[in-house]
Amino acid sequence: MSAEHAILAEIPRLRRYARALTGNEADADDLLQDTLERALGKWLLWRPGNLRAWLLTMMHHVFLNQLRKRPALVTLDDDTPAIPVRPQQQDELEVRDLDRALSRLPPEQREILLLVGLEELSYADTARVLGIPQGTVMSRLSRARERLRAILAGEDRPVHLKVVK
Amino acid sequence: MNKEHVSKDQLHAYVDGQLSATDSMRVAAHLATAPDDQASVETWRGQKALLHAAYDRQLDAAIPHTITARLKTQRHKPFRQAAIAAAWLVVGIGVGIMADRQLALNAAPPALTSLPQRAAVAHAVFTPEVRHPVEVGADQEAHLTAWLSKRLGHALRAPKLAAEGFHLVGGRLITADNGPGALLMYEDSGGQRLTLYVCADNQDSSATAFRFAHQDGVSTFYWIDGRQAYALSGKLPRDALLPIASTVYRQLNGDG
C-alpha cells in the first residue's frame, strides 16, 4: 500500500486524538497537518512497522514543539476560559465540559490518559510513543485518572492563575 | 483467594483490558470483596466511556480537504509544492462556496435593510476607527480602486473632494446585502469623516433619484446609477452634505 493510502486510513483516529488533546478543532487540525508533514517527510527514509504507533509518536513530538512555542497559562479557575477552548457552537455542552476538564490536566497526563483511554493503546506501545519507561506510564496514568476524577467531581480547586515559562 | 493482593497497576490494566484471562478473573474476584477498588474501576471505566462519547464522532467527521489534498499531492513533489497546491484548493473551494451562497442569496427575497440604513451603519462602524479605518490607504489609490473594482465587478473611481475640503483616507471591502461592497473614507482637516458606500443594486430599479435619509445623527444621500448603488454618509447637517454629495454624484456620472 502506498504511503498516502496507508496514512489516509489512519487520519480519522489521529484526528480524534488530536481533537481530544488540543481541545478544539482548529488546533487539532494544525497538529494533524504538522504531524502529517513530518510523517511524509520521514516516510521516504523509513517505513515503520506499526504505522499507528509511529504516527502517534510523530504527533507527540509535534505536540511538544507546539507547546513550547506558545506561552502556557496554567492553572485555571472555573471562570477562566480554558487555554485552548474556543467557542464552538457545533460542540455540545458535554464535549466542552470534557475539553475544559482535560485542559486542566498537565499535557503529559492528558497524553497518557488519551492514548490509553481513547486510543486503547497497550501500555508498551504508549511507553514507546511517549519515549518513557512503562513504569512511568503506569504512575502517570494513575495520577491522570485521579486528577480527572477530582476535576469532574468539582474537588479540584486550582491555586492561582500564573504564567509559566 | 479474594484476599490476594491486587496492585493499583493491575486494577488499571484490568480496566484497560491488558491482563491475561487468568489475571483478569483474579482481579474480578478481588473486586467483589473490595468496594474501594471496585469504585475506582467504575470511575475509570466511566472516564473512558466519556472520552469515547465525546470524541468518537471525529472518526466519522469529514476530513478537511487541506489535509487530504496535501497527502495526495505529496507523492512525487516536494512539500512546498504540495502546500501551495493545498492552499489553492482551499481558495478554489472557498470561491465555490461563495458562488453557491451568491446564487442562493440572489434567489432570496429582497433584503430587509435599505441602502441608506446599511450605509449609515457602515459609516457608524468604521469611521470611529483610529488605527485601522481603512484596509488600503489613499497612498495606494490605484491599487485600492483596482482591487475594489475587481471585487465589485464594476469600475470604481474615488471621487476627488479636495474642493470640498476632504481628502481620501482609503477604502475597504465590506459585505453588502447580496455580495461585496466597497466603502471609501474621506476626512477633512478637522477630522470629520465621510464615507461613500458602493454596492451592486439588486433591486433592478431604474430610479436614479437623489434621496436623503437621516439616522442616528448620520446624514446620507443615496442614489442608484445603472447597476450601482451609492450612498454618501457623514455626521453633517443635510445642507452641508448636499453640495458634497452633488460633487460626488457629478464625478461618478462622468460629468464632474
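Here is a short tutorial on the cores, one helix and one hairpin of this predicted model.

The model is predicted, so local features need pLDDT of at least 70 and side-chain atom pairs 80 or more, while totals for chains, interfaces and linings use all residues. Residues count from 1 along each chain as its sequence is written, with chains lettered from A and ligands numbered from 1 in written order.

Student: Which element gives the largest share of the largest nonpolar core?

Tutor: A nonpolar core is a set of buried Ala, Val, Leu, Ile, Met, Phe, Trp, Tyr and Cys residues joined through C-beta atoms within 7 Å. Buried means 20 or more other C-beta atoms within 10 Å of the residue's own, placed from the backbone. This core has 41 residues, and Tyr17(A) and Leu114(A) are among those touching the most other members. Helices are DSSP runs (H or I, at least four residues; strands are E, at least two), numbered from the N terminus, and the largest share, 7 residues, comes from α1(A).

Student: Which residue of chain B does Leu114(A) touch?

Tutor: Contact here means C-beta atoms, placed from the backbone, within 7 Å. Leaving aside residues up to four places away in sequence, Leu114(A) touches Tyr17(A), Ala20(A), Leu21(A), Glu119(A) and, from chain B, Leu51(B).

Student: Which element of chain A helps cover the buried residues of α1(B)?

Tutor: In α1(B), residues 8-15, the buried ones are Leu11(B), His12(B), Ala13(B), Tyr14(B) and Val15(B). Their cover includes α2 and α3 of chain B and, from chain A, α7.

Student: In the hairpin of β5(B) and β6(B), which residue takes a positive phi?

Tutor: These strands pair (at least two DSSP bridges) in the antiparallel sense over 5 bridges. With 2 residues between the strands, the positive phi, near 50 degrees, belongs to Asp216(B).

Technical notes: Buried ≥ 20, exposed ≤ 12 C-beta atoms within 10 Å, placed from the backbone. Contact = placed C-beta atoms within 7 Å.
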